[in-house]
Amino acid sequence: MNPKILEVSEIKVIGLSTTIKMHEQHKVFALWKQFMPRKHELKTLVSEELIAMQIFNLQKNVEPDEDFDIWACAEVEDFNTMPQNLKSFIIPSGKYAVFLHRGMNASLTYQNIMTEWLPNSGYVIDDRPHFQVMGQTYKNGSPDSEEDFYVPIRLIKN
């Protein structure tokens with residue numbers, strides 16, 4: 001695993017969110033099914049890329065609480081034209097480790113990041129949203145699908 005380490009500026013997003021538990025993956029699909037027909041309502045899209053975001057409340061051991069928020073959203077230039085019943089959020093700026101994920105087993109990729117890369121990286125997880133960017137090479141349900149995983153990090157303080 002060899003991520004790019006990037007300093008990312010704040011990102012404005014508009015979309016839908018819900019609270020789920022770790023084992024409630026069916027709710028992720030339901031959220032995207034609600035959001036996709038409404039994407040055309042976003043008048044100031046930055047690109048056609050989609051963003052899947054997770055907001056964890058990290059405990060002292062850096063494990064997420066059982067409940068966390070997920071978002072199906074897209075980046076926008078501003079919040080001047082907010083479609084009814086959609087929500088806005090600003091992903092704070094900061095340092096991210098960006099991993100290319102291939103295939104459909106996102107949980108395995110994320111597990112490898114946390115158990116293999118992170119302990120030897122010199123970084124710890126920062127308390128900011130995790131997100132995935134799905135662009136032109138994302139093919140939902142396909143083994144040759146690609147997306148970028150953005151993991152918020154900060155240097156370990158000695």
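**Strand partners and nonpolar cores**

Me: Which residue stands opposite L100 in β9?
Reply: L100 faces D148 there. Keep in mind, as we go, that this is a predicted model.

Me: What makes β6 and β9 a pair?
Reply: Two strands count as paired when DSSP finds at least two bridges between them. Between β6 (residues 94-102) and β9 (residues 146-155) there are seven bridges, so the two strands pair, and they do so in the antiparallel sense.

Me: How do you know that β7 and β9 pair?
Reply: The same kind of check works here. β7 (residues 123-125) is joined to β9 by three bridges, in the antiparallel sense; with at least two needed, the two strands therefore pair. In β7, Y123 stands opposite L155 of β9.

Me: And why is β8 called a partner of β9?
Reply: β8 (residues 130-134) shares three bridges with β9, and the cut-off is at least two, so this pair counts too. The strands run antiparallel, with Q132 opposite F149.

Me: What makes W32, F35, L42 and I70 stand out in the largest nonpolar core?
Reply: Of its 18 residues, these four touch the most other members. Several elements contribute: β2 (11-21), α1 (25-35), β3 (50-55) and β4 (67-75) each supply at least two residues of this core. Apart from it lies another core, of 13 residues, including I11, W71, I91 and V98.

Me: Which residues does L42 touch, leaving out those up to four places away in sequence?
Reply: L42 touches I14, F35, A74, V76, P83 and L86. These count as contacts because heavy atoms lie within 4.5 Å.

Conventions
Residues numbered from 1 in each chain as written. Predicted model: local features only at pLDDT ≥ 70, side-chain atom pairs only at ≥ 80, totals over all residues. Heavy atoms only, no water. Core = buried A, V, L, I, M, F, W, Y, C linked by side-chain atoms within 4.5 Å. Buried < 20%, exposed > 50% of the residue type's maximum accessible area, 1.4 Å probe, protein only. Helix = DSSP H or I, 4+ residues; strand = E, 2+ residues; numbered from the N terminus.
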